[in-house]
Amino acid sequence: MSRSIVRQSKFRHVFGQTVKAEQGYDDIRVSKVTWDSSFCAVNPKFLAVIIESSGGGAFLVLPITKTGRVDKSYPLVTGHSGPVLDIDWCHHDDNILASCSEDCTAMVWQIPDHALTRPLTDPVVVLEGHSKRVGIVSWHPTARNILLTAGSDNLIIVWNVGTGEPLISMDDHPDLIYSISWNRNGSLFCTTCKDRRLRVCDPRKREVVAERLAPHEGIRPMRAIFTRDGNIFTTGFTRMSQRELGLWDPTNFEEPIAVLELDTSNGVLLPYYDADANMVYLCGKGDSSIRYFEITDEPPYVHYLSTFSSKEPQRGMGFMPKRGVDVSKCEICIPKHIHICLQSDLFQDDLYPDTAGPEPAMEPEDWLDGRDEDPILVSMREGYVPPKSRELKVSKKNMLDSRPTTRRSMSTLETNSLPLLERLLEEIQNLKATVLSQEKRICDLEDKLSQYTNGTD
């Protein structure tokens, strides 16, 4: 009686492919700031890279189709007065990018569809609330305009960038925060900290709902990400400084689901997660390889698949959303161009299930009121065409509205002010209703125009 000794998986034949010189990006001066972020962010339209700059902080934004040598005079995004530490593209608008810096601020930028022709210096909104450098920015996965920032003041702030206001502040961390990851619907996030604790936080309750001391026994930095099933994947170091990965159930932190030792390199492993394939890619600054693992419900739960190796060490990493890959070439992750080896040229439904699209599932007020929604999915069958850019509008409250009014006699107020106030309020409400209806009409027309332009209607 024979039995198979090879585990069956559609990802067994994943392989990496180095792009040709003309398909890559040359002469980019990646930042040398000693901060463990990826320094790179990518989406279906743009590649953004934090670079070396003098007199402040800057990053480079290139259209994803503009490859080859980058001219040294290419316009930069330069608004921060200190080095930029992290960048993150918005999930719901491919033209919106958030950045944070040693200057204690985070900024949100609107990138034009065409390549920059001059330096971009004016952000859409500046978020000021941290007293020390801001090292992490992370967009909410399903709610519009919700952005999380974390700084060296050990403070986490959740912002509504549509109003420029902080919604939630959490100061539960006693030391430097290494990483933050939202879960799939954005109801929770997990953090790793210099105090060697892994925490699960509920931002709307402003509390830590679960924590684990030393999921990895080493004292070097850890990283953690949520999987689609609600488990937490971690990377860290053993007591002997060997790199290690783990999988944890946050409802029972006593014992890990799986732990696997890797190697003795010094670089922090940065995990990138593909929720559609349930795969994790491990990269590290200074490494010249990328390892791939598949997470399943079967022991040993975290299955090693393969390793991509190159001649050049990695200085920055970016993970393309699934809607930005080429389904005709069976790509599952770029710009390193990770492929799956298949014999058929037909669309592979099992490799490309419906994936998270650009439409937000709810508004900031809905999420703040306790509503949770999974991402709105889109089909990959015909490929993905990015929609036209939409302007991010910021409506800040007028601080003058909160000024105390001059006291007046009730008789005068009743006889003169009340009818006028009622008329003004009624007119304001009517104007707001008109503006909202016109904005909706503009969005509908832009969508139709985009469909006709792309030949989908």
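# Salt bridges and strand pairing in a predicted model

Glu102 has a relative accessibility of 33% and therefore counts as partly exposed, the partly exposed class lying between the buried limit of under 20% and the exposed limit of over 50%. The model described here is predicted.

**Salt bridges**

The partner of Glu102 is Arg133: the two form a salt bridge in which the closest N and O atoms are 3.8 Å apart. Arg133 sits in the loop between β11 and β12 (134-139), and Glu102 in the loop between β9 (96-101) and β10, so the pair ties together parts that are 31 residues apart in sequence. Arg133 is also partly exposed, at 29% relative accessibility. Elsewhere, Asp195, Arg197, Arg199 and Glu211 are joined into one network by salt bridges that share partners.

Searching the whole structure gives 18 salt bridges. One of them links Glu52 to Lys32, with 3.9 Å between the closest N and O atoms. This pair connects distant parts of the chain, since Glu52 is in the loop between β4 and β5 (57-63) and Lys32 is in the loop between β2 (25-26) and β3, 20 residues apart.

A further salt bridge joins Asp113 and Lys45, whose closest N and O atoms are 2.9 Å apart. Here the separation in sequence is 68 residues, from Asp113 in the loop between β10 (105-110) and β11 (125-128) to Lys45 in the loop between β3 and β4. The strands that flank Lys45 are β3 (40-42) and β4 (46-51). The side chains of Lys45 and Asp113 are also joined by a polar contact of 2.9 Å. Side chains of opposite charge can pair when their charged atoms come close.

How do the partners in these bridges differ in exposure? The relative accessible areas are listed below.

| Residue | Relative accessible area | Class |
|---|---|---|
| Glu52 | 36% | partly exposed |
| Lys32 | 63% | exposed |
| Asp113 | 39% | partly exposed |
| Lys45 | 13% | buried |
| Arg133 | 29% | partly exposed |
| Glu102 | 33% | partly exposed |

Lys45 counts as buried because its 13% falls under the 20% limit.

**Strand pairing**

β20, β21, β22 and β23 form, in that order, an open sheet of four strands with antiparallel pairing. The edge strands, each pairing on one side only, are β20 (223-226) and β23 (258-261). Direction ignored, neighbouring strands of this sheet are turned by 15° against each other on average. Between β22 (residues 243-248) and β23 there are four bridges in the antiparallel sense; in β23, Ala258 is the bridge partner of Leu247.

Further along the chain, strands β26 (residues 289-295) and β27 (residues 302-309) run antiparallel and are joined by seven bridges. Ser289 has Ser309 of β27 as its bridge partner. The two strands form a hairpin with six residues between them, and Tyr301 in the turn has a positive phi of about 75°.

**Confidence**

Average pLDDT for the protein is 84, and 80% of the residues score at least 70. Two stretches stay under 50. Residues 1-5 do so with zero contacts beyond four places in sequence. Residues 334-347 also keep a pLDDT under 50, and for this stretch the model has 49 contacts beyond four places in sequence.

Methods
Residues numbered from 1 in each chain as written. Heavy atoms only, no water. Pairing = 2+ DSSP bridges. pLDDT = per-residue confidence, 0-100. Contact = heavy atoms within 4.5 Å. Axes fitted to C-alpha atoms, helices over the stretch in contact; angles between N-to-C directions. Buried < 20%, exposed > 50% of the residue type's maximum accessible area, 1.4 Å probe, protein only. Polar contact = N/O pair within 3.5 Å; in protein donor to acceptor, adjacent residues only side chain to side chain. Salt bridge = Lys/Arg side-chain N within 4 Å of Asp/Glu carboxyl O.
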